[in-house]
Amino acid sequence: MIRFDSVSKEYPDGTVAVGGLEMTAPTGKITVLVGPSGCGKTTSLRMINRMIEPTSGRIWIDDRDTTTMDAAELRRGIGYVIQQAGLFPHRTVAANIATVPMLLGWDRKKARARALELLERVGLPTSFADRYPSQLSGGQQQRVGVARALAADPPVMLMDEPFSAVDPVVRDQLQDEFLRLQGDLGKTIVFVTHDIDEAIKLGDQVAVLRVGGKLAQIAEPARLLGHPVDDFVADFVGRDRGYRGLGFQRAPKLPLAAETTARLGDSAEQVRAAAGTEPWTLVVDEGRRPLGWVNTEQVAGTVSSEVLHRGGTVASTNGTLRNLLDAALSSPARRGVVVDEDGTFAGTVLAHQVLDAIESERAAAAAAQPAGSAAR
Amino acid sequence: MSWSIDHLPAVLSLIGRHVYLAGLPLLLGLLIAVPLGWLARRYRVLYPLLIAGTGLLYTIPSLALFILMPIFIGTRILDPVNVVVAMTIYTVALLVRTVADGLGAVPDSVNQAATAMGFGRVRRLFMVELPLAVPVISAGLRVAAVSNVSIVSVAAIIGVPQLGSLFTDGFRRNFMEPILVGVIACVLLALVFDLAIIAGTRLITPWQRTRRAA
């Protein structure tokens, strides 16, 4: 657990970067600090490992006051990941990862073995061990940055916009892998970002800071979207928050419609005969996993992967209402594809069915709450 | 040509002296310039002082420095130590700025990462900052090497033998060959110093070679 006890940072010129911050980052959870530039989120993060010293207040890690600890020693016990990875260009990937073990005086063999283990852990081949950072892509460098932070297995990790310098596709991938990794490791993480979507996606709790380093609201993502405490938070959380809030609600069991399916290589005549008057036919592979939709009227010759319409998203039976609604809205056939946990095709739903489900969930929630307490 | 062949052992010995008088100050100067360059980076107030101050040293005429040296360090007038110390001063003059700029060129993100990983100040300097400054420092060292090889020949006037002695000798006897040999030897020596520094730099910066290989 990391606890900010009325922590302030004021610069000699009178600028207040952080003003009396009170908050707790619980053990084993991801706490995201988010806010506009100048809100003191990075300053707050850096005060935890004392790269910036607070002007007043204390920061506790479990029951230890960080100001009483030797700074370098404190830092070796805290993993740190920054934007652009900040890898040492003159050291190999393995040496970069083994930095803290080296500082802690591990023997070479053990440090190297640990580096190789972590390379695999973050999804990179061990053949990268002897390359230099400049030989890696931005996303790969960032993975090495994460591996380096994990090297000495610190209980606490600080992450300063670690994924903001990579392209959106890679960022999404890194975020997913980060969540999977955290699922295994259960570190106490403080994560800084300016991207509210990233905060909502990654945070177990999200702290929204306003300019001048004041805490505006700290809450679980669903609560932040559903009940912003004031206009600042509401504005910052942004538009579509009703829709995005659906991302935190499990989809209920909905009646799924069966679908005529086709395979790659089927002839156009076969497809048309099976589809009847339906303009779109779902194409699945041998394992009955959906591949995409094919336009029944326009298909000529045989069904090939080139003619597939791939715009539709796929929802899982154990996914969220948001996944389900999005699958229906993005499907060219207007029927959203739903798959079982193993990825096999389960059936389709229509948007109005999902909306009905949302309506009844909300009605049930309202009925469960005594009148008057519904707002905030 | 007959002069050269007759005097080959003598010329070789002069080359040896020249290497010593120009090379040793290069190493000593580097050793002194590193902490000074670091101080200039570390304490902003010192930067202009150190850079301008050491830069000014380079403007002292070499002959004057060679002659005045015994007064400052209490050596005898013909002592080669005078030349070594004077050349070290020139090397420092050239290298302090280079070291400071080299350290300054280390990316901020790298320095921050080093601090956050728990490097102490000294360890960070030797394990992160200096290795990354090597390419810049090496460029400065190459300039200093060529400059040293050239300047040190002036010491022949105060009677410290090295390749410069061939110039004074040839001039006194109005005889071109030793002068020519001296010039060619100086140029070759400067080239050898330069190549040695390039080779050494390549050896200790394997990461530079992969720069654009990806």
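**Figure 1. Contacts and buried area between chain A and chain B of the predicted model.** In this interface, 23 residues of chain A are in contact (heavy atoms within 4.5 Å) with 20 residues of chain B. The two chains bury about 2100 Å² between them, 67% of it on carbon and sulfur atoms; buried area is the accessible area (1.4 Å probe) that two parts lose on being put together, summed over both. A:Phe88, A:His90 and A:Leu103 supply 26% of the area that chain A buries against chain B, more than any other three residues. The model is predicted, so local features need pLDDT of at least 70 and side-chain atom pairs count only at pLDDT 80 or more, while totals for chains, interfaces and linings use all residues. Residues are numbered from 1 along each chain as its sequence is written, chains are lettered from A and ligands numbered from 1 in the order in which they are written, and side-chain values use heavy atoms, with hydrogens and water left out.

**Figure 2. The side of chain A that touches chain B.** Elements giving two or more residues to this side are α2 (71–76), β6 (78–82) and α4 (99–103) of chain A; helices (H or I, at least four residues) and strands (E, at least two) are DSSP runs, numbered from the N terminus. The largest share, 4 residues, comes from α4(A). By residue class, this side divides into 12 nonpolar, 6 polar and 5 charged residues. Across the interface the rule finds 0 salt bridges (a side-chain nitrogen of Lys or Arg within 4 Å of a carboxyl oxygen of Asp or Glu).

**Figure 3. The largest nonpolar core.** This core has 46 residues, and those with the most contacts inside it include B:Leu26, B:Phe66, B:Val149 and B:Phe193. A nonpolar core is a set of buried Ala, Val, Leu, Ile, Met, Phe, Trp, Tyr and Cys residues joined through side-chain atoms within 4.5 Å, where buried means under 20% relative accessible area (1.4 Å probe, protein chains only). α5(B) gives the most to this core, with 11 residues. Leaving aside neighbours within four places in sequence, B:Val149 is in contact with B:His18, B:Ala22, B:Cys186, B:Leu189, B:Ala190 and B:Phe193. A second, separate core of 45 residues includes A:Leu87, A:Ala149, A:Leu174 and A:Ile189.

**Figure 4. Surroundings of A:Gln141.** A:Gln141 lies in helix α6 (residues 138–150) of chain A. The side chain of A:Gln141 reaches the backbone oxygen of A:Leu136 at 3.3 Å. Beyond four places in sequence, residues in contact with A:Gln141 include A:Gln84, A:Leu87 and A:Pro133.

Conventions
Buried means under 20% relative accessible area, exposed over 50%, partly exposed in between (1.4 Å probe, protein chains only). Ala, Val, Leu, Ile, Met, Phe, Trp, Tyr, Cys and Pro count as nonpolar, Asp, Glu, Lys and Arg as charged, and the others, Gly among them, as polar. A polar contact is a pair of N or O atoms within 3.5 Å; within protein, one must be able to donate a hydrogen and the other to accept it, and residues adjacent in sequence count only if both atoms are side-chain atoms.
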